[in-house]
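Here's a quick tour for anyone opening this one up for the first time. Have the viewer ready and follow along.

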Amino acid sequence: MDEKTGRGDDEGEEKNREKSMSDEKCYLVENKGKEGNICVITERCKGCGFCIEFCPVNALEFSEKTTEKGYKPPKMNQGCILCGKCEKICPEFSIYLKKKKEGE
Ligand code: SF4
Ligand code: SF4
């Protein structure tokens, strides 16, 4: 953890996520009665491709567009089963599964 900024703790992580919200892209997924969103915080993405490589159903692909830092973030193609593996594997915490709440 960085001693000056305290980065690495939960609070710092939360602030970073808030800051990046404007660069967040969410894809609505409906699959076999399940609904949710896969969201990509593009500003954080380093284009490593782990999420694409390890998605069990090849639901993700690289975006044609690059971020300001020159990386290609993932985008949703099709077939997502909302397993959440991309969220678990992303080293930058830049992709996550947002489940739909009851009544939404
Ligand atoms: S939630 Fe699962 S199926 Fe959907 S994109 Fe992520 S790894 Fe692929
Ligand atoms: S694993 Fe994370 S950092 Fe790597 S390409 Fe996917 S979203 Fe970007």
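**Around the ligands**

Start with ligand 2: 14 residues sit around it, and the nearest of them are Cys-45, Cys-48, Phe-50, Cys-51 and Cys-90. Keep in mind that this is a predicted model. The chain has an average pLDDT of 84, with 75% of its residues scoring at least 70. Residues 1-8 are a part to treat separately, with a pLDDT below 50; in the model, that stretch makes nine contacts beyond near neighbours in sequence.

- Sorted by class, the shell around ligand 2 holds nine nonpolar, three polar and two charged residues.
- Ligand 1 has 13 residues around it, and Cys-55, Cys-80, Cys-83, Lys-85 and Cys-86 come nearest.
- For ligand 1, the shell splits into eleven nonpolar residues, one polar and one charged.

**The overall layout**

- The chain has 104 residues, and 17% of them count as buried.
- Its secondary structure adds up to three helices and five strands.
- Walk along from the N terminus and the elements come in the order α-β-β-α-β-β-α-β.
- Take the contacts with a separation of 6 or more: 48% of them link residues 24 or more positions apart.

**How the strands pair up**

- Strand S1 covers residues 24-31 and strand S2 covers residues 34-41; the two run antiparallel and are joined by eight bridges.
- One pairing to look for is Cys-26 with its bridge partner Cys-39 in S2.
- Another is Asn-31, whose bridge partner in S2 is Lys-34.
- S1 and S2 make a hairpin, with two residues between them.
- S2 also pairs with strand S5 (residues 95-99), again antiparallel, through five bridges.
- In that second pairing, Ile-38 has Leu-97 in S5 as its bridge partner.

**Two residues with a positive phi**

- Here's the background: most residues other than glycine have a negative phi.
- Lys-32 isn't a glycine, yet it has a positive phi of about 50°.
- You'll find Lys-32 in the loop between S1 and S2.
- Is Lys-32 buried or exposed? Lys-32 counts as exposed, because it has just 6 C-beta neighbours inside 10 Å and the cut-off for exposed is 12 or fewer.
- Phe-93 isn't a glycine either, and its phi is positive at about 55°.
- The place to look for Phe-93 is the loop between helix H3 (85-89) and S5.
- Phe-93 has 14 C-beta neighbours inside 10 Å, so it counts as partly exposed.

**The nonpolar core**

- The largest nonpolar core is made of 13 residues.
- Those with the most contacts inside this core are Ile-38, Cys-51, Cys-55, Leu-60, Cys-86 and Ile-95.
- S2 supplies the largest share of the core, with three residues.
- As a general point, nonpolar side chains tend to be buried together in soluble globular proteins.
- What does Ile-95 touch, not counting residues up to four places away in sequence? The list is Ile-38, Cys-39, Val-40, Cys-51, Pro-74, Cys-86, Glu-87 and Cys-90.
- Some core names also turn up by the ligands: Cys-51 is among the residues nearest to ligand 2, while Cys-55 and Cys-86 are among those nearest to ligand 1.

**Two glutamates to look up**

- Glu-61 lies in strand S3, which spans residues 60-62.
- Glu-61 counts as partly exposed because 15 other C-beta atoms lie within 10 Å.
- Set aside its neighbours within four places in sequence, and Glu-61 is in contact with Ile-52, Pro-74, Lys-75 and Asn-77.
- How far apart in space are Glu-61 and Lys-75, C-alpha to C-alpha? They're 5.5 Å apart, with their positions 14 residues apart in sequence terms.
- Glu-53 belongs to helix H2, which takes in residues 50-54.
- Glu-53 has 11 C-beta neighbours inside 10 Å, so it counts as exposed.
- Glu-53 and Cys-86 are 33 residues apart along the chain, and their C-alpha atoms are separated by 9.2 Å.

How values were computed. Residues numbered from 1 in each chain as written. Chains lettered and ligands numbered in written order. Predicted model: local features only at pLDDT ≥ 70, side-chain atom pairs only at ≥ 80, totals over all residues. pLDDT = per-residue confidence, 0-100. Contact = placed C-beta atoms within 7 Å. Near = placed C-beta within 6 Å. Nonpolar A, V, L, I, M, F, W, Y, C, P; charged D, E, K, R; others polar. Helix = DSSP H or I, 4+ residues; strand = E, 2+ residues; numbered from the N terminus. Buried ≥ 20, exposed ≤ 12 C-beta atoms within 10 Å, placed from the backbone. Pairing = 2+ DSSP bridges. Core = buried A, V, L, I, M, F, W, Y, C linked by C-beta atoms within 7 Å.
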